[in-house]
Amino acid sequence: MIVRIATEDQYELSDDHAPRLNELDNAIVDAVRAGNDGTFRQLLGEMLALVRDKGQVVDDDDLRESEVILPPPDLTLEEAAEEFSGEGLIPG
Amino acid sequence: MPGIAGRMSTVIKAKISRLLDRAEDPSETLEYSYQKQIELLQNVKKGIADVVTSKKRLQLQSQKLEQSVVKLDTQARQALSAGNEELARTALERKQIAQTELQSLDQQVSELEQQQAQLTENENRLRSKIEAFRTKKEVIKAQYSAADAQVKISEAATGVGEEMADVGLAMQRAMDKTENLRARASAVEELEKAGTFEDLTQLGSGEDDIDRQLKELTTDSAVDNELARMKTELGSGGAGAPAIEAGGESGRPEESR
């Protein structure tokens with residue numbers, strides 16, 4: 001599957017990693033709901049590291065669409081919370 | 001994925017369909033989409049120039065602050081050797097503020113450098129995608145039947161549209177950060193205008209209150225010296241000879257420091 005890390009790059013990642021990615025994603029949601037910045041940062045870092053380490057960067061002239069788009073690396077806890085409460089990262 | 005990745009995907013995809021206003025005629029869609037891509041590329045260039053401008057401004061402020069730190073240190077020494085501990089303390093307090101501000105400025109400059117590098121990378125990637133799209137668009141126009149072309153165009157446009165949406169996001173984040181830094185830079189400039197970090201070499205209107213107090217101190221001690229000398233002269237009763245020395249001394253307090 002193709003995974004994009006927002007503001008960074010697109011990666012081709014084996015489907016084997018999907019369950020772990022999903023797990024981390026759900027844990028991040030919990031951390032955001034609990035307002036736990038430390039855990040949130042750590043999990044987000046882990047999720048992005050998984051994609052960067054296990055994935056292959058997609059060529060620049062490849063126009064395929066991503067199946068999954070992960071948030072940008074510098075996402076703050078506040079922004080993540082907004083992401084769930086409506087406005088999201090890209091208003092309008 | 002229902003979580004944050006799912007939200008991101010949904011939001012970006014909504015953005016893509018807004019970016020790609022599909023026309024009835026497939027080749028029109030292609031040209032329109034290509035125009036939009038070129039426009040965005042121009043915007044990214046402007047964004048990078050903007051970040052560079054902000055960075056330069058912060059670097060300039062950082063240099064000014066460095067000068068202030070040196071100046072305030074000198075002022076503190078001058079005040080202390082003149083026996084005015086309170087004035088020395090004031091100068092040192094300001095030096096502390098200037099140093100703290102300097103540290104945070106330097107950190108902001110390096111943040112902007114990262115932003116600049118990131119945007120430049122985004123620009124290059126978008127340029128490659130646009131080039132790939134341009135090639136594909138010619139192939140589609142030449143080789144495919146109307147029905148197939150629709151599908152191919154849709155695919156290519158979505159792929160490049162995703163990149164466009166992502167670059168748009170990166171731009172927006174860079175601009176937000178730059179905006180915050182600008183506000184802070186203005187605040188530092190206000191401080192400078194208020195005379196907190198004035199340059200010592202500027203005399204006259206450029207003097208700050210520490211300068212003025214130091215000057216008063218110097219003037220006071222020069223007056224005291226002259227007074228003491230006069231007292232000695234009068235007391236000794238001697239005439240003529242010391243006048244040369246006294247003459248050379250007069251007027252000097254004005255230009256000391």
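Okay, let's start with burial: of the 92 residues in chain A, 47% are buried. Keep in mind that what we're looking at is a predicted model, with an ipTM of 0.84 and a pTM of 0.69.

So, chain A. You've got three helices and four strands here, and reading from the N terminus the order is β-β-α-α-β-β-α. If you take the contacts between residues at least 6 apart in sequence, 67% of them join residues at least 24 apart. On the outside, chain A exposes about 4,300 Å², and 44% of that comes from carbon and sulfur atoms.

Let's walk along the chain. Strand 1 (2–5) and strand 2 (9–12) of chain A are linked by a loop, and Thr7(A) sits in that loop. What is the phi of Thr7(A), which is not a glycine? It's positive, about 65°. As a reminder, most residues other than glycine have a negative phi. Thr7(A) is also buried, with a relative accessible area of 6%.

Next up is helix 1 of chain A, residues 18–34. That's 17 residues, and from first C-alpha to last it reaches 24 Å, close to the 24 Å you'd expect at 1.5 Å a residue. Which residues of helix 1 of chain A are buried? Leu21(A), Leu24(A), Asp25(A), Ile28(A), Val29(A), Ala31(A) and Val32(A). These cover an arc of only 165° around the axis, so they lie on the same side of helix 1 of chain A. Flip to the other side of that helix and you find Pro19(A), Asp30(A), Arg33(A) and Ala34(A), which are exposed. Right after helix 1 of chain A comes Gly35(A), with a positive phi near 70°.

Helix 2 of chain A, residues 37–54, has 18 residues and reaches 26 Å between its first and last C-alpha, close to the expected 26 Å at 1.5 Å a residue. The buried residues here are Phe40(A), Leu43(A), Leu44(A), Met47(A), Leu48(A), Leu50(A) and Val51(A). Their arc around the axis is only 145°, so they too share one side of helix 2 of chain A. Over on the other side, Gln42(A), Asp53(A) and Lys54(A) are exposed.

Now for the cores. The largest nonpolar core has 43 residues, and the ones with the most contacts inside it are Leu58(B), Leu119(B), Leu126(B) and Phe133(B). Helix 1 (4–19), helix 2 (26–81), helix 3 and helix 4 (146–193) of chain B each put in at least two residues. Which helix of chain B gives the largest share? That's helix 4 of chain B, with 14 residues. To zoom in on Leu126(B): leaving aside neighbours within four places in sequence, it contacts Leu40(B), Leu41(B), Glu163(B), Met164(B) and Val167(B). There's also a second, separate core of 24 residues, which includes Val3(A), Ala31(A), Val51(A) and Leu77(A).

Last bit, confidence in chain B. The average pLDDT is 78, and 80% of the residues score at least 70. Within chain B, helix 3 (residues 85–143) has the highest confidence, at a mean of 88, and helix 6 (residues 243–249) the lowest, at 46. Residues 198–205 of chain B fall below 50, and beyond near neighbours in sequence that stretch has 12 contacts in the model. Residues 238–257 of chain B stay under 50 as well, with 14 contacts beyond four places in sequence. Where pLDDT is low, the predicted coordinates shouldn't be read in detail.

Methods: Residues are numbered from 1 along each chain as its sequence is written. Chains are lettered from A and ligands numbered from 1 in the order in which they are written. This is a predicted model: local features need pLDDT of at least 70, side-chain atom pairs count only at pLDDT 80 or more; totals for chains, interfaces and linings use all residues. Side-chain values use heavy atoms; hydrogens and water are left out. Buried means under 20% relative accessible area, exposed over 50%, partly exposed in between (1.4 Å probe, protein chains only). Contact means heavy atoms within 4.5 Å. Accessible areas come from the Shrake-Rupley method with a 1.4 Å probe; for residues, only the protein chains shown count as cover. pLDDT is the predictor's confidence in each residue, from 0 to 100. A nonpolar core is a set of buried Ala, Val, Leu, Ile, Met, Phe, Trp, Tyr and Cys residues joined through side-chain atoms within 4.5 Å. The expected span of a helix is 1.5 Å times one less than its number of residues. The arc is that of the directions from the helix axis to the C-beta atoms.
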